[in-house]
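Dear colleague,

Please find below the structure that I am handing over to you. My findings follow it, in an order intended for a first reading.

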Amino acid sequence: MHIPDGVLNPYVCALTYITSAIFLFWAWRKMKATYPRAVVPLLAMSSAFVFAAQMLNFPIAYGTSGHLVGGTFLATLLGPHAAILSMTIVLLIQAIFFADGGISTFGANILNMAIIGAVSFYFVKIVSGSSTNRKRFLASVFAASWLSVVLGALLCGIEIGVSPTFASAGGLLVTVPAMLFWHIIIGVGEAAITTSLISQLVRVRPTVLNGLAILGWNIR
Amino acid sequence: MKDSAKILLAVIVGLTILLPLASTYPDGLETIAQNAGIKETEGLWHGLMPNYNFPHIENSYFSTLASGLAGIFLVFVFTFLVGRMSTRKR
């Protein structure tokens, strides 16, 4: 879902840069206020894991593949604020060193993957926040991670659809359904990977979700 | 800190094993761009390791693996530094 340079129109680039900057500012402020330095190793490791996982594309159908984005995974381990920061760094390294995702489209990529992915965790919080039911928690993680990919793809479809590059191909009417089609399938992979990772982590190390207590969230 | 090293090692081993199994098909967005007949524009920036290939390594597996290890290292270090800056001391 990484948008390369030269695909988006300048207004979309500017708007997505501004939106992402606002969210990054919010995430930074919250981290500065509440996160202790002790989470830093977990933060760095999880980012490194997500970077590696994003290199591993899985085939879906008709000669197309997808890979884990990891926003919901990070947010479940670290909370949405830290997840935004961590995911933004993954995207930054990808853009600078690997030209995976453009520089002018960096704001859009942060919005579609880092912010949507991280904010998707509020779904988990709302649906299973006060419940002690493990199955309910995992089901909400599954749903949130699927939603994060589909919503990210929807945004991406809109961003590329209103840009001149895709105008001759049919614009929004083509890009939005096409992005949704692929990512409804890719999202199932995202959800399956995220949910099995989280359930294994919780099984092996039940204290792994304690990080969220930093935010005053009692999620089990 | 011991746990960190273990997990980092697991990530590296996992990548080494799973990399040959990774699909080389285009992803959803790339498929759409191809179907729309959009050629990848010659951007201003090509990155230091374009397409996850480490410079001067001929073998494609080792080239991608080396770039992956470099990426893991860069992401880890950078997140560590930003993490230190963005968290409270105590």
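The expected span of a helix is 1.5 Å times one less than its number of residues. With that in mind, consider helix 8 of chain A, in a model that is predicted. Helix 8 (residues 172-204) of chain A contains 33 residues, and the distance from its first C-alpha to its last is 45 Å, close to the expected 48 Å. Helix 8 of chain A is nevertheless kinked by about 30 degrees, with the kink centred on A:I184.

Helix 8 of chain A also meets a helix of the other chain. Its axis and that of helix 2 of chain B come within 9 Å, crossing at roughly 145 degrees, and the crossing of these two helices is right-handed. On the side of chain A, the contact is made by A:T175, A:A178, A:M179, A:W182, A:H183 and A:I186 of helix 8, while helix 2 of chain B contributes B:G28, B:T31 and B:I32. Sorted by class, the residues of this contact are five nonpolar and four polar, with no charged ones.

The wider interface may be described next. In total, 48 residues of chain B are in contact with 54 residues of chain A. On the side of chain B that touches chain A, the elements giving two or more residues are helix 1 (2-18), helix 2 (28-35) and helix 3 (60-86) of chain B. Helix 3 of chain B supplies the largest share of that side, 13 residues. The residues of the side of chain B that touches chain A comprise 26 nonpolar, 16 polar and six charged.

Finally, a word on confidence. The model has an ipTM of 0.90 and a pTM of 0.91. Chain A has an average pLDDT of 89, and 96% of its residues score at least 70. Within chain A, confidence is lowest in strand 1 (residues 58-61), with a mean of 86, and highest in helix 5 (residues 106-119), at 94. For chain B the mean pLDDT is 83, with 92% of the residues reaching 70 or more. Among the elements of chain B, helix 2 has the lowest mean pLDDT, 84, and helix 3 the highest, 90.

With kind regards

How values were computed
Residues are numbered from 1 along each chain as its sequence is written. Chains are lettered from A and ligands numbered from 1 in the order in which they are written. This is a predicted model: local features need pLDDT of at least 70, side-chain atom pairs count only at pLDDT 80 or more; totals for chains, interfaces and linings use all residues. pLDDT is the predictor's confidence in each residue, from 0 to 100. Helices (H or I, at least four residues) and strands (E, at least two) are DSSP runs, numbered from the N terminus. Two residues are in contact if their C-beta atoms, placed from the backbone, lie within 7 Å. Ala, Val, Leu, Ile, Met, Phe, Trp, Tyr, Cys and Pro count as nonpolar, Asp, Glu, Lys and Arg as charged, and the others, Gly among them, as polar. The bend at a residue is the angle between axes fitted to the seven residues ending there and the seven starting there. Axes are lines fitted to C-alpha atoms, for helices over the stretch in contact, and angles run from 0 to 180 degrees between N-to-C directions. A crossing is left-handed if the near helix is turned anticlockwise from the far one by less than a right angle, and right-handed if clockwise.
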